[in-house]
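Biologist: Before we discuss individual contacts, could you put the model on the screen and take me through it by question and answer?

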Amino acid sequence: MRTFAPMIVCIAEKPSVARDIAEVLGARNKRDGYIEGNGYQVTWTFGHLCTLKEPHEYTPAWKSWSLGSLPMIPPRFGIKLIEIPNYEKQFKVIEHLMQHADEIINCGDAGQEGELIQRWVMQKAGATCPVKRLWISSLTEEAIREGFASLKDQSEFQPLYEAGLSRAIGDWLLGMNATRLYTQKYGQGKQVLSIGRVQTPTLALIVNRQLEIENFQPEPYWELKTVYRDTTFSATKGKFTTKEEGVEFLETVKASDFTVTETSEKKGVEHAPRLFDLTSLQVECNKKFGYSADETLKLIQSLYEKKVTTYPRVDTTFLSDDIYPKCPAILKGLKDYTVLTAPLEDKKLAKSKKVFDSSKVTDHHAIIPTGVYSQSLSDMERRVFDLIARRFIAVFYPECKVSTTTVFGEVEKIEFKVTGKQILEQGWRVVFAKEQNEDKDEDEERVLPTFVKGESGPHVPDLNEKWTQPPKFYTEATLLRAMETAGKLVENDELRDALKENGIGRPSTRAAIIETLFKRNYIRKERKNLVATPTGIDLIQVIHEELLKSAELTGLWEKKLREIERKTYNAHLFLEELKQMVTEIVNSVLSDNSNRRITIVSQEKQTEEKAVEKKKSTRTRKPATPKPKEATPTEGAVCPLCGKGVIIKGKSAFGCSEWKNGCGYRVIF
């Protein structure tokens, strides 16, 4: 290989990113494994080139899986090159360049994982020259130029590297030891029982929810309602637990007229939806399009690499104040949205603290468009981009003004109430008008007639019997939210922000964790629901160590990793605590004298069982309606199968509005 005059070596995480950086730097001579020119040599990795060593590479005694060799705790952790021919070839190029470099610029992904990937490569290559860090939030030419104009010293990112290293070592210690421990102790030698610091508590969330559903005992309750002037009022007493009590109240109110006792109207505002962080984008894409968390991550990563959106692996929904001056230009670049951006032109853009707050932004801000126009987007990418673009536009629109009306009524001292909402000024809602029309029942207005205090008249009361409902199965959307809040059910955005600190996994890794559970055959998907397999259920039930399966405890470990990043917790202490925890878990499992075993159901067997079940159910179920001969069914017509619902048009088929209640009518177009 040729030697070169001293140069600055830039190392990116992907060839495509290296090409973008080289173009901006004026390096245009393509070599084998790097691009050269203008005093720079720009090279790349393929994501991870290095990894932590395998157990047997520390000592041959750890090669065979035996309970006697546990816990495996190396005195010092080492890294190795991943043994893939093109990785090895590229590493040799990097090694040569770095050993002859005057300066290295780490252009890795601007996050914890990116820092770790590049540091390991530099360590393995034996780099000794000074290192600078490029830290950017988008791959536009402007962002790259700005980044190179304000390069930072590598030492500023030492805490980030220590957090990434602690995470990797922690995952190795727990994963390697616990997987061997449970496989040998409970797996009957038939299947590797993979245990992970984040995957096992995530599986526990799914299993525990499923067991709640299976063990749920529905109980009846009764609700008293009455219809006065075509408006349904509900008794403020709430639910009746016995029918007798409900009937007694019903008989009381039957005898007299309904009297309006109080009316109130409260005007208020609704703020635009928050900008996206990665988790909220994955949640929205799962709800709206059925995309898995992993699919959404790949799509937003692609949009980032195509320069149309900013850095995706973020956990904040805020923008730093320095982004505000750039917003008019970004809006101008959204050429497909001129109808929506035109009203904002030549006006001072609104600057809300709910959007711009530097104190809520650490390394990166919320996901927004860059203003770069791209026509080469796939349909799936375009859908994801549309969500991001509309949220961004909406935050500069006026607030939505609403009026909430509450009416109280009374019959024989029994109080009733009804609430209605009316949108007075659409404000930001016009940005989502199309979407709201498609999704009307989610946010339907209920405008009440005008009621006057003291008015009175006949009414029609009724006692409705209802049954308590079990909790719902997790979907990817609800599981992501549960991982973000360590299993706590939280709707409020501010409270969710506070709980993010103790969430399990990181925004960038949660999709991979869910995919791992599928690959391990611990969970499967039924429609959108995530269902645990017998193996998954048994595994969680056989684990008695709360440290391994508690989302709350794992959330505390995640919090410590974040504190390492912020220099408020010591990485060495974190690893010592982890080593102690692993030792305790090993001792606890080894002392278990029960004869517990885990059901092993292979993927093939599971597929067979599902096919048999499907066959059985088709025998007992009403046959699906044959495809009609007419070209297309009529939207809005009564369903020919159940007679209750109406025909609706989906993305790829016509169906019945009663599909949730079991109607199987479906015509693919």
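Modeller: A residue counts as buried when its relative accessible area is under 20%, as exposed when that area is over 50%, and as partly exposed in between. Please keep in mind that this is a predicted model.

Biologist: By that rule, is Phe-157 buried or exposed?

Modeller: The relative accessibility of Phe-157 is 9%, and the cut-off for a buried residue is under 20%. Phe-157 therefore counts as buried.

Biologist: Which residue forms a stacked aromatic pair with Phe-157?

Modeller: The whole structure holds 23 aromatic pairs. In one of them, the ring of Phe-157 has a partner with 4.8 Å centre to centre and 25° between the planes, and planes under 30 degrees apart count as stacked. That partner, which counts as buried because its relative accessibility is 16%, is Trp-135.

Biologist: How many residues apart in sequence are the parts that this pair of Trp-135 and Phe-157 ties together?

Modeller: Trp-135 lies in the loop between β8 (131–133) and α4 (141–149), while Phe-157 lies in the loop between β9 (152–153) and α5. The pair therefore ties together parts of the chain whose separation in sequence is 22 residues.

Biologist: Which charged residue lies over the face of Phe-157?

Modeller: For a charge to sit over a ring, CZ of Arg has to be within 6 Å of the ring centre and within 35 degrees of the ring normal. Over the face of Phe-157, at 5.8 Å from the ring centre, lies Arg-133.

Biologist: Are the rings of Trp-428 and Phe-432 stacked or edge-to-face?

Modeller: Trp-428 is buried at 7% relative accessibility, and Phe-432 is buried at 6%. Their ring centres are 6.0 Å apart and their planes stand at 80°, where an angle over 60 degrees is the criterion for edge-to-face. The pair of Trp-428 and Phe-432 is therefore edge-to-face.

Biologist: What distance should helix α5 span at 1.5 Å a residue?

Modeller: Helix α5 covers residues 158–186, which makes 29 residues, and the expected span is 1.5 Å times one less than the number of residues. The end C-alpha atoms of α5 are 41 Å apart, which agrees with the expected span of 42 Å.

Biologist: How many residues of α5 are buried?

Modeller: Helix α5 is mostly covered, and just after α5 the residue Gln-188 takes a positive phi of about 60°. Of the 29 residues of α5, the number buried is 23.

Biologist: Is Asn-521, with its positive phi, buried or exposed?

Modeller: Asn-521 lies in the loop between α16 (507–519) and β17 (523–526), and its phi is near 65°, a positive value in a residue other than glycine. Asp-230, in the loop between β10 (220–228) and β11 (231–240), also has a positive phi, near 60°, and counts as exposed at 79% relative accessibility. Asn-521 has a relative accessible area of 6% and is therefore buried.

Biologist: Which residue forms a salt bridge with Lys-298?

Modeller: Side chains of opposite charge can pair when their charged atoms come close. Lys-298 counts as exposed at 56% relative accessibility, whereas its partner is buried, with a relative accessible area of 18%. The two are four residues apart in helix α9 (residues 293–305), so about one helical turn separates them. The closest N and O atoms are 3.0 Å apart, and the partner is Asp-294.

Biologist: How many residues apart are Glu-565 and Arg-506?

Modeller: Glu-565 forms a salt bridge with Arg-506, in which the closest N and O atoms are 3.5 Å apart. This pair links distant parts of the chain, with Glu-565 in helix α19 (residues 551–565) and Arg-506 in the loop between α15 (493–500) and α16, and their separation is 59 residues.

Biologist: Which residues are linked with Arg-167 in a network of salt bridges?

Modeller: The count for the model comes to 37 salt bridges, and a bridge requires a side-chain nitrogen of Lys or Arg within 4 Å of a carboxyl oxygen of Asp or Glu. The residues linked with Arg-167 in the network are Asp-171, Arg-197, Glu-558 and Arg-562.

How values were computed
Residues numbered from 1 in each chain as written. Predicted model: local features only at pLDDT ≥ 70, side-chain atom pairs only at ≥ 80, totals over all residues. Heavy atoms only, no water. Buried < 20%, exposed > 50% of the residue type's maximum accessible area, 1.4 Å probe, protein only. Phe/Tyr/Trp six-rings, centres within 6.5 Å; stacked < 30°, edge-to-face > 60°.
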